Each structure stands twice: as structure tokens, then as C-alpha cells.
Amino acid sequence: MCVICRSRFPKSELGRHVAAAGGGTGFVPDPQAAMPGRGHYLCANPECAEKFLKYSGRPRRRRGGQGE
Ligand SMILES: [Zn+2]
């Protein structure tokens with residue numbers, strides 16, 4: 001299942017990405033599914049790829065706000 005659009009695809013159509021080692025700079029592609037860690041699967045839709053970039057950037061929250 002694609003993590004962005006949540007549609008189901010055959011595994012051959014999904015790209016695996018794992019969280020980058022060392023903490024929090026997004027995801028790295030893992031086409032051979034060789035890397036440890038939790039896999040995030042992304043379909044071939046360019047819109048999903050674009051959203052995935054933001055999804056990847058999520059650990060860093062900069063909202064410039066106070067409090068929270
Ligand atoms: Zn998708």
C-alpha cells in the first residue's frame with residue numbers, strides 16, 4: 001500500500017523507502033529492500049512522490065511559532 005494515497009498496488013509497483021540512518025533527515029530509497037528498518041512504500045504516481053517529500057520532512061517541525 002502506498003503511504004501517501006493509501007491505494008493498494010502490487011509490490012513490484014511500489015518503491016520502498018526507509019528512514020535515513022542517524023535520525024530524522026527523511027527517507028532514502030531502498031529499491032532492493034536490503035536496508036533494515038521500517039519500510040515505507042510509495043507508488044509510481046508523481047503526485048505521491050511530491051507529497052512524500054513533505055512526508056519525509058516531517059520529523060523537523062519548523063513552524064516558527066512559540067509555545068507548543
Ligand atoms: Zn500513491
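User: What share of the contacts in the protein with a separation of 6 or more comes from residues 24 or more positions apart?

Analyst: Such residues account for 44% of those contacts, where contact means heavy atoms within 4.5 Å. The model is predicted: local features need pLDDT of at least 70, side-chain atom pairs count only at pLDDT 80 or more, and totals for chains, interfaces and linings use all residues. Numbering of residues starts from 1 along each chain as its sequence is written, and side-chain values use heavy atoms, leaving out hydrogens and water.

User: What makes up the secondary structure of the protein?

Analyst: There are one helix and three strands, and their pattern along the sequence is β-β-β-α. Helices (H or I, at least four residues) and strands (E, at least two) are DSSP runs, numbered from the N terminus.

User: Which residues are the protein donors of the zinc ion?

Analyst: The SG atoms of C2, C5, C43 and C48 lie 2.2 to 2.4 Å from the zinc ion. Donors are N, O and S atoms within 2.8 Å of the metal (3.2 Å for Na, K and Ca), and water is not among the atoms, so sites may look incomplete. The sequence spacing of the donor residues is C-x2-C-x37-C-x4-C. Because C2 lies in the segment before β1 (15-19) and C48 in helix α1 (residues 46-56), this pair ties together parts that are 46 residues apart in sequence.

User: Why is the arrangement around the zinc ion called tetrahedral?

Analyst: Four donors count as tetrahedral if all angles lie between 85 and 135 degrees; four count as square planar and six as octahedral if opposite donors are over 155 degrees apart and all others between 65 and 115; anything else is irregular. The angles here are 103 to 118°, so the arrangement is tetrahedral.

User: Why is H17 called buried, whereas A34 counts as exposed?

Analyst: Buried means under 20% relative accessible area, exposed over 50%, and partly exposed in between (1.4 Å probe, protein chains only). H17 has a relative accessible area of 14%, so H17 is buried. A34 reaches 61% relative accessibility and therefore counts as exposed. H17 lies in strand β1, while A34 is found in the loop between β2 (27-29) and β3 (39-42). Of the 68 residues of the protein, 22% count as buried.

User: How do you know that β1 pairs with β2 and with β3?

Analyst: Two strands pair if DSSP finds at least two bridges between them. Three bridges join β1 to β2, and four bridges join β1 to β3; both pairings are antiparallel. The result is an open sheet of three strands in the order β2-β1-β3. Its edge strands are β2 and β3, each pairing on one side only. H17 stands opposite P29 in β2, and the bridge partner of H17 in β3 is H40.

User: Which side chains of β3 point to one face and are buried?

Analyst: They are H40 and L42, while G39 and Y41 point to the other face and are not buried. In a regular strand the side chains alternate between the two faces of the sheet.

User: Which residues make up the largest nonpolar core?

Analyst: A nonpolar core is a set of buried Ala, Val, Leu, Ile, Met, Phe, Trp, Tyr and Cys residues joined through side-chain atoms within 4.5 Å. The largest one has seven residues: C2, V3, L14, L42, C43, C48 and F52. Leaving aside neighbours within four places in sequence, C48 is in contact with C2, I4, C5, L42 and C43.
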